[in-house]
Amino acid sequence: MDRIETKASGGCQCGAVRWHVTAVNDSSHICHCRMCQKAAGNFFAALIGVPRDALTWTRGAPATFASSDKASRGFCRDCGTPLTYDYHESRHINLTTGSFDEPARFAPKMQFGIEGQLPAFANLPIQAEGTTESTMSSVVGVIRASNHQHPDRDTARWPE
Ligand SMILES: [Zn+2]
Ligand SMILES: [Zn+2]
């Protein structure tokens, strides 16, 4: 993924967590997968990869939830704003594009997790890269096997 040298800042809704980057990957995208939907509390997550060496937390730091054994989701512990998707083995971490101070600079170019896409978003003019199964085939099994996300139904106890 092409690295773009640029400067940008952002953070959560309440301001307790702020970050600064000196580069981003040319990978602004939305992901419709069920785990991104849940983590974002929305119909999809909007994310962009950032090289780990280009990211500085300038105020506070995100709390994290291990959505599987392979990845965690970062958010502000005070206001709940989703901030990161961190696939641990990757050289980059994803920031939520909506948490940028100027999100319009990083408009999405790709869509992932098409299996979770709502029909209302079927005709977005953004290139569809495929399903989670097809784009993450080498790790999707491990993620599913260690999925820590609550199922999409009420449970008497949690964790089960
Ligand atoms: Zn906050
Ligand atoms: Zn996803």
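Which residue in β2 is the bridge partner of G11? In β2, that partner is R18.

The structure is a predicted model, in which local features need pLDDT of at least 70, side-chain atom pairs count only at pLDDT 80 or more, and totals for chains, interfaces and linings use all residues. Residues are numbered from 1 along each chain as its sequence is written, and chains are lettered from A and ligands numbered from 1 in the order in which they are written.

**Open sheet.** Strands here are DSSP runs (E, at least two residues), as helices are (H or I, at least four), numbered from the N terminus; two strands pair if DSSP finds at least two bridges between them. β1, β2 and β5 make up an open sheet of 3 strands in the order β1-β2-β5, with antiparallel pairing. Because β1 (3-11) and β5 (55-59) are at the edges with a single partner strand each, one side of each lacks a neighbour in the sheet. The twist from one strand to the next averages 20 degrees, with axes as lines fitted to C-alpha atoms and angles running from 0 to 180 degrees between N-to-C directions.

**Strand pairs.** The antiparallel pairs below are given with their bridges.

| Pair | Bridges | Citation |
|---|---|---|
| β1 and β2 (residues 18-25) | 7 bridges | antiparallel |
| β6 (residues 63-65) and β7 | 3 bridges | antiparallel |
| β7 and β8 (residues 82-87) | 5 bridges | antiparallel |

**Strand β7.** All 5 of the 5 residues of β7 (residues 71-75) are buried, so the strand is largely enclosed by the rest of the structure. A residue is buried if 20 or more other C-beta atoms lie within 10 Å of its own, exposed if 12 or fewer, and partly exposed in between, with C-beta atoms placed from the backbone. A71, R73 and F75 point one way from β7, while S72 and G74 point the other way. In a regular strand the side chains alternate between the two faces of the sheet. R73 stands opposite F65, and S72 stands opposite D86 in β8. The hairpin of β6 and β7 has 5 residues between the strands; that of β7 and β8 has 6, and there G80 takes a positive phi near 85 degrees.

**Nonpolar core.** A nonpolar core is a set of buried Ala, Val, Leu, Ile, Met, Phe, Trp, Tyr and Cys residues joined through C-beta atoms within 7 Å. The largest has 28 residues, of which C31, C36, F44, A45 and L47 touch the most other members. β4 (45-51) is among the elements that each supply at least two residues, and β4 gives the most, with 5 residues.
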